[in-house]
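Here is a short tour of one protein chain, taken strand by strand. Have the structure open beside you and follow along.

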Amino acid sequence: MPTLSWLTREKDVKSADSVAYRLLERDDALSFGDPASGNMLIQGDNLEALKSLLPYYRGQVKCIYIDPPYNTRSAFEHYDDNLEHSQWLAMIWPRLVLLRELLAEDGSIWVSIDDREGHYLKVVMDEVFGRKNFRCSFIWQKVDSPNDNKVAITPDHEFLLCYEKNSETAGFGQKTDRSLLDSYRTTDEEPRPHRDRLIKKNGKNSLRADRPTMFYPIVAPDGTEVFPIHDDGREANWAFSKKGIEELRAKNLLIWKKRDRNGEEVWVPYSREFAKDEPTRPHPTILLDVKTTRQAKAHARALFPDIPLIDTVKPEELIERILQIATSSGDLVLDSFLGSGTTAAVAHKMGRRWIGVEMGDHAVTHCALRLRKVLEGEQGGISQAVGWQGGGGFAFYRLGETVFDADGAINPGVTFAPLAAHIWFAETGAPMTAPNSGPFLGSHDGGGLALLYNGILGDKSVSGGNVLTRKTLGMIRASAGDFAGPMTVYGEACRLSPETLKAEGIVFKQTPYDVRAR
């Protein structure tokens, strides 16, 4: 597969590995609503925030939408969007790598971009996500009024590149469209809405020579054999194989009608199709009916009358369309370039869980304020369309200290819970979702994992709770409940002999030396 080359590529493709894990520190003063909602608004560098989310959310995110800086050689008040091309590639690569780690196997990622970097981004995403996982490009009309800046061609559209994590397991829902019911009818014979389709192929590639195996007789109600013949006498073909016809017959979906052909009454077979309760059709890839930046800015001015607007704000209807295609109620949505908070606002109104990351001060001045208004029931954007009335909550976080120092040692200020999450993630590759209250962290693939750290057993002395002894092993076993299999135990030291460890099925690893920091 072709790859893209730039000045610092060799370093950039490995840079995600060297990003430090940081603690996520909750700020209750800026959190709002239900504290157990699970929604997160994070202020800080999004690369470090993504790395810090891995131990908790790897493989859990159903839909990622990002609207990164476009490298348009213009300056925005809230973004440095004046990055030289190779710098832009160096910025986007490690973020895409970490986003892929967070994405669920049946999830998808959507990236807004314009012509300046869009074609380069496609090549980069082919490499990071796999060319076979590219779903399609969506086109969004961002301008709906004449441009007055005297340019020769108005740049009135942007792209949305859509990739699946795994094209074999991902699946998008279709668009509900009740107007499709207009093509169905009811009769006295069959009161359920239905339509009958001609089984004989017409139009292009409909002659016997095109598909000779599809030319065969079907037995009509009077016992005669019917062949696919055009009115002009040319031999055609059926739309179903012999097996398919038998399946229609077995399900009473093979319908016979008499019609006139050149003055002679003949039997003609049809396949019957019943309407779904909620008929659907594929989503279009050209998004012309999801509002534009003009309406998005008007909504933003209503929300923030006294605050400078973000020029790149997206309409809620655009994000709504993405989430309609890619998610269901309760799914987790992530936006690591949150901007003014549109993705989180729409996800919240649509009953999705969400995580938003924004590095600037407007994580507070714009995002937190907007989301408070959403919780209070603001009626702009998609609110009326989805029946939004308010409710829910979110927790506000900032990036804190690094979990590990430059040498890989554990930061002294780190508490038990975040270290447990990192050790669990390093050992299993999976996020920790429901940690135990004791030293036993859980089981994975038949093995257990435990951590003796920071006085989890109530004793921080050198020979006490952080050291693996007969006593502390008994306490670990007690906290493990019914689990009695082999176990990996992390601790400051071990006082058990190799023979005892083998007999007990224990692998001991020493903190901080055996903790994988990266």
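## Strand S6 and its two partners

In this predicted model, Ile109 stands opposite Tyr163 in strand S6. Ile109 brings us to strand S4 (residues 103-113), which pairs with S6 in the antiparallel sense over six bridges. Tyr163 also has Phe134 standing opposite. That second pairing is with strand S5 (residues 134-141), again antiparallel, and it runs over seven bridges.

How enclosed is strand S6 by the rest of the structure? Of the eight residues in S6 (residues 157-164), seven are buried, so the strand is largely enclosed.

## Asn133, in the loop before S5

Let's step to Asn133, which sits in the loop between helix H4 (115-129) and S5. Is Asn133 buried or exposed? With a relative accessible area of 4%, Asn133 falls under the 20% cut-off, so this residue is buried.

The side chain of Asn133 makes a polar contact of 3.5 Å with the side chain of Lys132. The Asn133 side chain also reaches the backbone oxygen of Lys165, at 3.4 Å. Once neighbours within four places in sequence are set aside, the contacts of Asn133 are Cys162, Tyr163, Glu164, Lys165, Asn166 and Ser167. Tyr163, one of these contacts, is the residue we met opposite Phe134.

## Strand S2, covered on both faces

Now for a strand earlier in the chain, S2 (residues 40-43). Which residues cover its two sides as buried positions? Met40 and Ile42 lie on one side, Leu41 and Gln43 lie on the other, and all of them are buried.

Strand S2 has parallel pairings with two strands. Four bridges join S2 to strand S16 (residues 353-358), where Leu41 stands opposite Gly356. Another four bridges join S2 to strand S17 (residues 393-402), with Ile42 opposite Tyr397.

## A four-stranded open sheet and its helix

Further along the chain there is an open sheet of four strands, in the order S18-S19-S21-S23 and with mixed pairing. Strand S18 (440-444) and strand S23 (506-510) form the edges; each has a single partner strand, so one side of each lacks a neighbour in the sheet. Direction ignored, neighbouring strands here are turned by 20 degrees against each other on average.

At one of those edges, S18 runs antiparallel to strand S19 (residues 447-451), and four bridges join them. Ser443 stands opposite Gly448 in S19. Helix H12 (residues 470-479) packs on this sheet and touches S18, S19, strand S21 (487-491) and S23. The direction of H12 makes about 125 degrees with that of S21.

## The chain as a whole

Stepping back, the protein chain holds 13 helices and 23 strands. Its C-alpha atoms fill a box of roughly 105 × 70 × 50 Å along the principal axes. The radius of gyration is 30 Å, whereas a compact globule of 518 residues would have one near 24 Å.

Buried residues account for 48% of the 518 residues in the chain. Among contacts with a separation of 6 or more, 71% are between residues 24 or more positions apart. Finally, the accessible surface comes to about 25200 Å², and 49% of that belongs to carbon and sulfur atoms.

Methods. Residues numbered from 1 in each chain as written. Predicted model: local features only at pLDDT ≥ 70, side-chain atom pairs only at ≥ 80, totals over all residues. Heavy atoms only, no water. Buried < 20%, exposed > 50% of the residue type's maximum accessible area, 1.4 Å probe, protein only. Pairing = 2+ DSSP bridges. Polar contact = N/O pair within 3.5 Å; in protein donor to acceptor, adjacent residues only side chain to side chain. Contact = heavy atoms within 4.5 Å. Axes fitted to C-alpha atoms, helices over the stretch in contact; angles between N-to-C directions. Rg over C-alpha atoms; globule rule 2.2 N^0.38 Å. Areas by Shrake-Rupley, 256 points an atom, 1.4 Å probe, with all protein chains shown as cover.
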